[in-house]
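Here is a quick tour for anyone opening this one for the first time. Have a look at the picture, then read on.

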Amino acid sequence: MIEQERKRGKVLIATIAAAIASACLLILLFSKDFAGSLYLFFIAPLANSYYLGNLMASMVPLIVAGLGVAFAFESRNFNLGGEGQIYAGALAATLVALLLPESPALGVQLLSCAAAAAAGGLIGAFSGMLKRRLGVDELISSFLASSLIVLLVDYMVTGPLQDPASNFQTTRAIAPATAFAKIFLPSSLSIGIFVALIVSLAGKAVMDKTRFGFELKLCGANGEFAHYAGIDSGRYTLIPMALSGALHGLAGSLMIFGSYYRVMRGFSSGIGWSAIAVSLIAKNNPLALIPAAAFYSYLDSGAKSVMMGSDVSSEIVAIVQAVIFLLITASRLPFIKAFAPKKGGSE
Amino acid sequence: MKSIVLENIDKFFPSSGTWANRKASLRLSAGEIHAVIGENGAGKTTLMRILAGLETLDSGSLRIDSLPVSFRSPADAMKLGIGMVHQHFLTIPGFSAGENIVFGEEPRVCGFFVGRKSSEEAAAAAMRRFGFSIDPVKAAELLTVGERQQVEILKLLYRDCEVLILDEPTSVLTEQEIQSLFSILRRLKAEGRTIVIITHKVKEVKEIADVVSVMREGATVGSFKTSEVSEFALSASMMGKAVFRGHRPRALSLPGIEPVLKFEALSLRSGHRGAARLENISLSVGAGEICGICAISGNGLSELEDLLAGMLKPSSGALRFLGGTYPRLRSAPWKSRGIGYVPSDRMKRGSCAGKTVAENFIALDRATFFPKGILDAEAAKTASADAIREFSIKANPGNYVDELSGGNVQKMILARELSDPPPRLCILCEPTWGLDAASTEFAYDRILSLREKGSAIVLLSSDLDEIMTLADRIVVLHKGAVKGVMANDQDVTREKLGALMLGLGATQTLTRSIGGSND
Amino acid sequence: MNRLGTAGMLAGNAIAAMTPLIFASMGGLFTELAGMLNIALEGLILVGAFFAIVIASATQSLFAGFIAGSLAAMILAWVYGAATIRLKANIFVTGLAANIFASGLTVVLSNQWFGTKGVIALKAPELTRPFVGTLGGIPFLGQALFSHNIFSYLSWICVIATWIIIHKTPAGIRMRATGANAEAVAASGFKPNAYRLQAIVMSGFFCGMAGASLSLPLAAYVPNMSAGRGWIALVAIYLGARKPGRIAIACFVFAFAESYSNYAQGLFRIPSEFMLAIPYAATLIALLAASLAERARRVNR
């Protein structure tokens, strides 16, 4: 375990180093003002309250959805349907908020978030059920289902649910009174950050201190031993996938109530993949999601600030994300001596 | 090639921390069938893998025709005409038998291309030359086991191998297929090739081999002409003389009491690979008794273990626990109904390597340690600390299991399964395998004290020392059937048990009955 | 338009639409036969499409564009393959990385070089349509078979070439063997990882051609041009039971469905999202069907 931990630690450091290096390289290649862009990428996001607050606001869905990814990963399931689950959750929350009367605001928020979690949970459960009953790889089925859901929500937002008063492809906005209170003007940081922190703590508690978490992790760690210990592995496929989906849906609703207030077409695009990257960096540890999300949002913020201040497009963060994905699941790094195979061992 | 000599070969595997070969030697000559025989773990397969270039030797020498050689890969060995047929055949599905035979050295069409027809024709030519008769066009998936083996042998012959090493070749064959194989081998021998057979089947050695080398605990203990040695002498050589441990007092269970565990005419079809099954096993084990069941691996022990663990269901017959149905796999009441199980696979089934000692300890008894679903960390820590103290485990509750030595992992499992209150039934599978002397003594003491406290103990083991030290009654399995049942008294010797385990001698039964057994 | 004319048009459109699918599925076939699940086809096609048209327009040479597209996809494939095989990373995650990289890179470059993240219309030489002059006039067949650009005919040649490679060349045979029983391949003295990497790079080459066949005829690059074709290619491989001829037929079926629904979309107003959803839905259904069939087979044994 120690050996494995050390290896993964090295892979993590190498990945983060590669991510930062590739960000720098991209800025070098595509910006006319290297130094200025470097400043915009690395320093500006922390320099004033607007940027810093927005950075923290963008951590919210990453932490919550990241927890969803972590629960799935810990039970050895891959939930790659985050994109659809977040988007659908956001839509469900918005719809419920639009249908309910404006007050009490807390009631609206709770019911909408519950609806969002339910929507995401159902989508996750679908993949979990397919794996449990038919042995369909949940990795592929969750990805495909999510892609379909994204298209479905796109259709709803631009069609039946389109806000007639707006020129943009979006639904109507929720009543301002029901939105989360802002805590760090002029940024969009809201009390959602506290919700995210509480969710992260709760996730840690469930994973480490409850029987449910124990059995879930045992199923992920050694299926034969878990089966032998009387744990129903089918249960710990379905439930983690549903839970994961629910957390993603919740993340979507937090985005709506915290920053966006309406579902614009594609507003949450990419958050699902980012949440996976964050969870991989945090190695599925619920508390480590917070610094991991901070790192990731920092990169993302940097990219956006570079885009606004110069002519480099913000999609460079997609390339950085790709670098992270490429390296983070590696189990050997041949150019690092510590990974050299031991004498006499077999590879 | 006239002769091959392996001398003083050492081979150490760091991953398991064992010496697979220690000063092992072998002398091969052209035109002979040479059997290498020994118990499991004796080092025969490793030594042959070294000869075939699949493993490197740590020290010692390999000489071919008195010239030293060293192999870095199986390709090097193949260049000198040495090839190995593995125990699990490496046929490639999606290709025909002929294509499999010539794979890697296909005849070329127009200098570069490979043609299926030309490959199959080349294979057919090889088959005619060596006297085989498989349809080269037949798809690999449709080949019978015997045919698959012939394809493997042909692969070597197609490359003009002079030395063919076969690893346990008859373990998956039917009687006719075995005879068929033997006539092929005799033909090859007549051509001047050398055949090496790795096996533990003494009868076959006498039938087909000219020379036999016996290995034990990584070294070669003797080489004989098969015509000059008896089966019993061979099995004695394989098993060795035991160190006299001293008899411990035997228990006598009281007749008339319902046995704790009962096998009723138990049979199991199609066990692993369809070869080993269980046939008509009837046994009873009473409270305060240790019933030792021994067999060579592949003769039914692992199937029996899976049955007792609740992972397999008997094809016919029944298992009874306390007179009633045997409880299902680790159902919640398993621990409360008093069954302790120490699995033979301690890392896969017995523990979870990635978790801590404390977590492993509480994993099977979650109802107690998670009252109302929340972890009672104090109780977990205390219970595991108590167990650590009681069983002298060199670890803390917070250590991860894969940091522990094999002995300590086993102690942890013993602690978990055999702690107070003592279980009504203990199923112990190879409980002291790989343990050092001190831990072994400790385990023996524990097991015997459980017997004093009234547990019924079933001990499944291929280790005769273990069986002879602990058991009150010994049951020998051979090819899945009971070959002998006897009380563990002064008459029982390693040679006797070894012979029964190898299927030699007449089936033995108890001379006096104990507690209603010997059905 | 008379019936024959409409039929000819539909068939012709289908065969034109089939071209990128055939390239991509032949590429994917190599990785499938080598025993890997390759979901990077999407990204590889995208990269191929982008670089093909950009270089073709910059050099005013179609051939240069074709080479650039294939090369770009091969390079991305090599990176993806090296990470998966040499670093032993999870192939689905690295495949995702390749796809994300492709969509990010194409937007960044498109913004950098052309100042837009949308459709780029470029001036490039027109693709020849070799037979349209001579044989294009034949009723039905003319439209269906003889009025296509060279990519379509090249794709048919690819199907034959793929068959030859996997059945008649030593490398192809060993690649197939690697997917079937890598241990046997290693025991025969070969390196399975080399064949796996080769398969991935080949898939890059073919997907590059697929991308070029999308953007060059249009003389334009459309964001996310691959539009799920990588997934359709995977489904085609499964439906075609890994046989090049049957895969081509599966591609035709998909292409015909696409061509017909484009036609129908004109007649009935189907939302574009439903069109885009077809590849994913088809893959999901194919996956379910395969699992159900596997279940049934196991029960009957």
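What radius of gyration does chain A have, and what would a compact globule with 347 residues have? Chain A comes out at 21 Å, and a compact globule with 347 residues would be near 20 Å, so the two agree. Bear in mind that this is a predicted model. For the complex, the predictor gives an ipTM of 0.85 and a pTM of 0.80.

**Chains A and B**

Let's stay with chain A for a moment. Chain A has 13 helices and zero strands, so there is nothing but α in the run of elements from the N terminus on. Chain B mixes things up, with 17 helices and 22 strands. Its radius of gyration is 26 Å, close to the 24 Å that the globule rule gives for 519 residues, so chain B is as compact as a globular protein of that length.

Here are the two chains side by side:

| Chain | Helices | Strands | C-alpha extent along the principal axes |
|---|---|---|---|
| Chain A | 13 helices | zero strands | roughly 70 × 55 × 35 Å |
| Chain B | 17 helices | 22 strands | about 75 × 55 × 45 Å |

**Where chain A touches chain C**

Next up is the contact of chain A with chain C. It takes 32 residues from chain A and 34 residues from chain C. On the chain A side, the elements that give two or more residues are helix H6 (138–158) and helix H13 (316–328). H6(A) supplies the largest share, with 10 residues. As for the character of that side of chain A, its residues divide into 21 nonpolar, eight polar and three charged.

**A helix pair in chain C**

How confident is the predictor about chain C, on average? The mean pLDDT of chain C is 88, and 97% of the residues score at least 70.

Inside chain C, take helix H2 (residues 41–59) and helix H10 (residues 229–239). Their axes come within 7 Å and cross at roughly 130°. That angle makes H2(C) oblique to H10(C), and the crossing is right-handed.

Which residues meet there? From H2(C) come C:Leu41, C:Glu42 and C:Ile45, while H10(C) brings C:Arg229, C:Gly230, C:Trp231, C:Ala233 and C:Leu234. Sorted by type, the residues of this contact are five nonpolar, one polar and two charged.

Key:
Residues are numbered from 1 along each chain as its sequence is written. Chains are lettered from A and ligands numbered from 1 in the order in which they are written. This is a predicted model: local features need pLDDT of at least 70, side-chain atom pairs count only at pLDDT 80 or more; totals for chains, interfaces and linings use all residues. Two residues are in contact if their C-beta atoms, placed from the backbone, lie within 7 Å. Helices (H or I, at least four residues) and strands (E, at least two) are DSSP runs, numbered from the N terminus. Ala, Val, Leu, Ile, Met, Phe, Trp, Tyr, Cys and Pro count as nonpolar, Asp, Glu, Lys and Arg as charged, and the others, Gly among them, as polar. pLDDT is the predictor's confidence in each residue, from 0 to 100. Axes are lines fitted to C-alpha atoms, for helices over the stretch in contact, and angles run from 0 to 180 degrees between N-to-C directions. Angles under 35 degrees count as roughly parallel, over 145 as roughly antiparallel, 65 to 115 as roughly perpendicular and the rest as oblique. A crossing is left-handed if the near helix is turned anticlockwise from the far one by less than a right angle, and right-handed if clockwise. The radius of gyration is taken over C-alpha atoms; the globule rule is 2.2 Å times the number of residues to the power 0.38.
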